[in-house]
Amino acid sequence: MTNQTPIIEMRGINKSFGAIRALQAVDFHLMPGEILGLVGDNSAGKSTLMKVLSGAYQRDTGDIRVAGEDVHFKSPHESRDRGIEMIYQDFALCGNIDVASNMFLGRWPRKGIFIDRKKMEDDADRVLKRLKVDVNSVRQRVESLSGGRQQSVAIARAISFDPKVIILDEPTANLSVMATNRLLETMAELKAQGVAQIIISHRLQDIFEVGDRVTVLKRGRIVGERYIKDTTEDEVLGLIVQGDRLEATAEA
Amino acid sequence: MATTTLDDPRPGAVRSHSPLRAIFGSWEFGLIVFMVALYLIGVWANPRFFGSADALLSILRDASRFGVIAVGMTFVIVNKDLDLSVGSTVALTSSVFSLMFAPQFNDMGPWVSMLIALGVGLGIGLTNGILVTYLRVPAFIATLTMLFMGRGLVLGLTKGRNIAYTEKAEQHLLFTIGDTNALGFSNQILVMVVIALIGGVILAKTRWGYETYATGGNATAANYAGINTHFVRIRGFLFSSFCAFLAGMMVVGQSKGVTSQDGFGAELIVIASVIVGGASILGGRGRVIGSVLGAILVVLIDKVLREGIPTTRIVKIGGEDIVVQAMAQMPPGAVPAFLGMILIAAVLIEPWVVRRRLIARIVARLRGLPPPLVNADGVAIATTGTHGSSLAASEVHATGLRKLLTYREVAAVSFMILLWLAGFILRPDFWAGLDNTFNLLLAFTEIGLMAVGMAYVIGNGDIDLSVGAILALSGATAAFMMKKMGADPATAAVTAFALGTFAGMINGFLATKARLPAFVATLGMFYMARGFAAWFVAGRQLSQFPESYNLIGRKVIETLRFYGIEPTPGTFWFNLFNAISAQTLVLFVLAIVFGVILWRTPFGYMVKATGGNRRAADYAGINTDRVRFLSLTFSGMCASLAGLVNIAFFRSFTPQAGVLRELDVIASVIIGGGSIFGGYGSVVGALAGAAVITLVRALLSLQVITSDGRSFVMPQNWVNVWIGSILILAVLSDIWLRQEKLLLRLRMRLRGKQTESAS
Ligand SMILES: Nc1ncnc2c1ncn2[C@@H]1O[C@H](COP(=O)(O)OP(=O)(O)O)[C@@H](O)[C@H]1O
Ligand SMILES: [Mg+2]
């Protein structure tokens, strides 16, 4: 990589929940247009790190820079304003509402006091087409879509904010193989459009398919970082499982 | 870990290490200290009453029935359920027992009668359990309906009359359960102690108890761990009904007879007791000993309030003034109003005092230490997430008639037409006539007005159980202002409307800022508003308002006549204004304005987003608390409007106004396409649902003339049972037909097609 400024840079992040030290001196960065896989065992601190980044949690110590500028997000709304979109597993969409209204949730276009359905549907259609997501109709209720398409709609919604960074927390956890492939295609499409992405996933094969780089967390510490093109799934798996030991021997 | 001041009433919770601290720091110890202090206040205020040992024993005796029910309710609440049917189960089991036992009826033996009553009790528990587990009906809806149906059954079975059998009862051992024993205290206290011991040991020490805590704490995790949570919850409901049955036997044992009012409001006292006793309305937390102490405390509070003010009255006997001690007579309605407040206060203790560690924080502040760690989030019940079914995709491309069938309102409209036709076939001479149509419209208006507000509340995923009570509150206020304070109609109407709106705002405040589940907040309001209404009018009927007020409930033509601008008879305008009444006009305007708002404006979309997935809506920047607050307030407004119309139409206020209306209104919205889990519903649907309910009620009271010329009317005592069944059916078909597409799946299965996987 060239010596561009990272779009996101986190330094010495510490975060504790009572006695649990969820993050310890974590250094982390993301380059523009890059897809980064964030992996690690359960409760390694992956979600916590991302929530600290998006402002859903407040860090105890450490610095966060977005495009070289120090930031202190107090809520996810503030990080959204700086072009960072996190897609949460469980609260991205309202199943009872149609696709178009979901994409403009809370900021529906208006005509007088009424919702401007036509404009909303056209805009939604355009974003979905751009992402090559195929839903039958933007009037369809989201709960009637398959899980993969729901994820795509969630991403499309994120896109409509024109973000520079999208964070996906275990997006493929409940998806079928076909749905996963469709999602990976969407991610590649986004990358082509210059959006940097962080994907948290247990499925290394997904990360190896679309990712540029992978970062391994273990018990709240970064234990390794590899470029996809220079590594193998086995090596990353080794880091996830034995991270501490490898680091310890390296330090000795 | 910092030591907690208030112990977590749950086995396995982190406690202070020293056993002394464990006892003195426990919630139950606090309850006892509070009770002793309260009793001493009672002794100080009214030594005559509280100074005697009899008083203590009578308090314990009165508390023991509630204590027994509280033992069962603890299991239900720890399971994260709620059982509102216990009060009516007490009445139903004791009535059934009495009907079997009483010599003037079936004259059976005491044990057989008891077994039959037990069977009825367990039947209710089983029904509750199956409804809330396998059939997925929310517990408060299932058991509230059961409450009203149980009361309806009691009325239907006993025809509202008291049954007594003092002589026969004296020959049987069974009735000693309610008597005072040789040691001078009531056996009921013994029953409570025994049941509390058994229940306490089961909950704290056995596998069943551990399964209960696991189910209430995290049902999904418990399920994964191999616990059959459905079974655990059904067991809880069975236990609760069993305890209510026992309490019914205690009632019968004490009074050797039964009145249809037995057990009235018991659910409220018992739930308040369990929560005061340290259980959480959000499940997973609670101890039997705490619940029983809670029951004693609530009864004690009630007694201190009733007896705390010693009153003397001067009676003239034979020309001589004699001072007698009299009981301070509580005004009618004061007790339910007060109990509603206790319930809400009790429910607020858990999230705001226990979880936020209020006392520990105050202590730390006083000592100048840093405040203890507070984990403040996760107090509110998360809304049920939406879940997918891929079949609905067919809806988008449907055309013509099929397209029509995809609207959720269709069922209500079809029912409406069918029911009307049924009435027409049964009584062609009467049904379509002007009189009946006019009456139908009037009955429809009351339900319809409230259904408009309820559509918003249910759309949000909340519920308003207080609409009928707010109707009564508003009607009583207006009546009271005009009759007792001589206010002019406009002032009275505005005051009443403001008060009803205020009640709605309290609901909204409790459900958002105080983060209570809406059903608990509005249940508290249900009792408070009805209590205050009865209080204002002192339990009597008020009538003879100024005629200008009554115009709200008359035909439009009468208003015009009143102001002397009546069109000439025979003209189109005359006929039009003669056919519609003022209230129908009000409903019409309200329905159009708020129908459009819900259907096509940002606020309506916010309501649906909030009901569909509150967290997603929050994250999208929608102020869901504001949306819910406004909706609950609006529902209060609609209900108070209905109250104003009600007394104008009847030209009087009776305390019975609006009774059971909450069931009608909730049923209307659900039949009209709303979902009890939120996210769906429209004003058009709600009104069609209201029409269905109106027609059902009219049909149930229709005098049917059979072919041989005899006439037949359904006994009116049974109407509640029918309306309750309809509500349950509506909720069930919403869950299973609309959401789970049971029919469609069945058809697919029959055709041998595999349904697309939902994930
Ligand atoms: N809100 C919270 N309160 C207390 N502990 C938390 C909270 N969020 C996360 N944790 C703890 O932080 C650790 C890291 O969790 P998380 O970031 O969710 O892990 P991952 O996403 O890698 O599985 C876990 O031990 C978890 O229990
Ligand atoms: Mg995680």
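**Exercise 1. The end of a helix**

Which residue follows H7(B), and what is its phi?

Solution. The model is predicted, so local features need pLDDT of at least 70 and side-chain atom pairs count only at pLDDT 80 or more, whereas totals for chains, interfaces and linings use all residues. Residues are numbered from 1 along each chain as its sequence is written, chains are lettered from A and ligands numbered from 1 in the order in which they are written, and side-chain values use heavy atoms, with hydrogens and water left out. Helices (H or I, at least four residues) and strands (E, at least two) are DSSP runs numbered from the N terminus. The residue that follows H7(B) is Lys159(B), and its phi is positive, near 55°.

Next, test the length of the helix, given that an expected span is 1.5 Å times one less than the number of residues. Helix H7 of chain B, residues 139-158, has 20 residues and should therefore span 28 Å, which agrees with the 28 Å between its end C-alpha atoms. As for cover, where buried means under 20% relative accessible area, exposed over 50% and partly exposed in between (1.4 Å probe, protein chains only), 17 of the 20 residues of H7(B) are buried.

**Exercise 2. Positive phi outside glycine**

Locate Ser43(A) and Asp107(B), and state how accessible each residue is.

Solution. Ser43(A), although not a glycine, has a positive phi of about 55°; it sits in the loop between strand S3 (35-39) and helix H1 (46-54) of chain A, and with 77% relative accessibility it counts as exposed. Asp107(B), also a residue other than glycine, has a positive phi near 55°; its place is the loop between helix H5 (86-101) and helix H6 (110-132) of chain B, and its relative accessibility of 43% makes it partly exposed.

**Exercise 3. Aromatic pairs**

Describe the geometry of the pair Tyr165(B) and Phe175(B), and then that of Phe480(B) and Phe536(B).

Solution. Rings of Phe, Tyr and Trp (its six-membered ring) pair if their centres lie within 6.5 Å, and planes under 30 degrees apart count as stacked, over 60 as edge-to-face and the rest as tilted; the count over all chains is 24 aromatic pairs. Tyr165(B) and Phe175(B) are edge-to-face, at 6.1 Å centre to centre with 65° between the planes. Tyr165(B) lies in the loop between strand S1 (163-164) and helix H8 (166-170) of chain B, and Phe175(B) in the loop between H8 and helix H9 (187-205), so the pair ties together parts that are 10 residues apart in sequence. Both Tyr165(B) and Phe175(B) are buried.

By contrast, Phe480(B) and Phe536(B) are stacked, at 5.6 Å centre to centre with 20° between the planes. This pair links distant parts of the chain, with Phe480(B) in helix H21 (residues 467-484) and Phe536(B) in helix H23 (residues 518-536) of chain B, 56 residues apart. Phe480(B) is partly exposed at 24% relative accessible area, and Phe536(B) counts as partly exposed at 29%. Finally, ring pairs link Phe97(B), Phe101(B), Tyr165(B) and Phe175(B) into a cluster.

**Exercise 4. Cysteines**

How many disulfides does a search of the whole structure find?

Solution. With a disulfide taken as a pair of cysteine sulfur atoms within 2.5 Å, the search finds 0 over all chains. Cys94(A) is buried at 0% relative accessibility, and Cys243(B) is buried with a relative accessible area of 0%.
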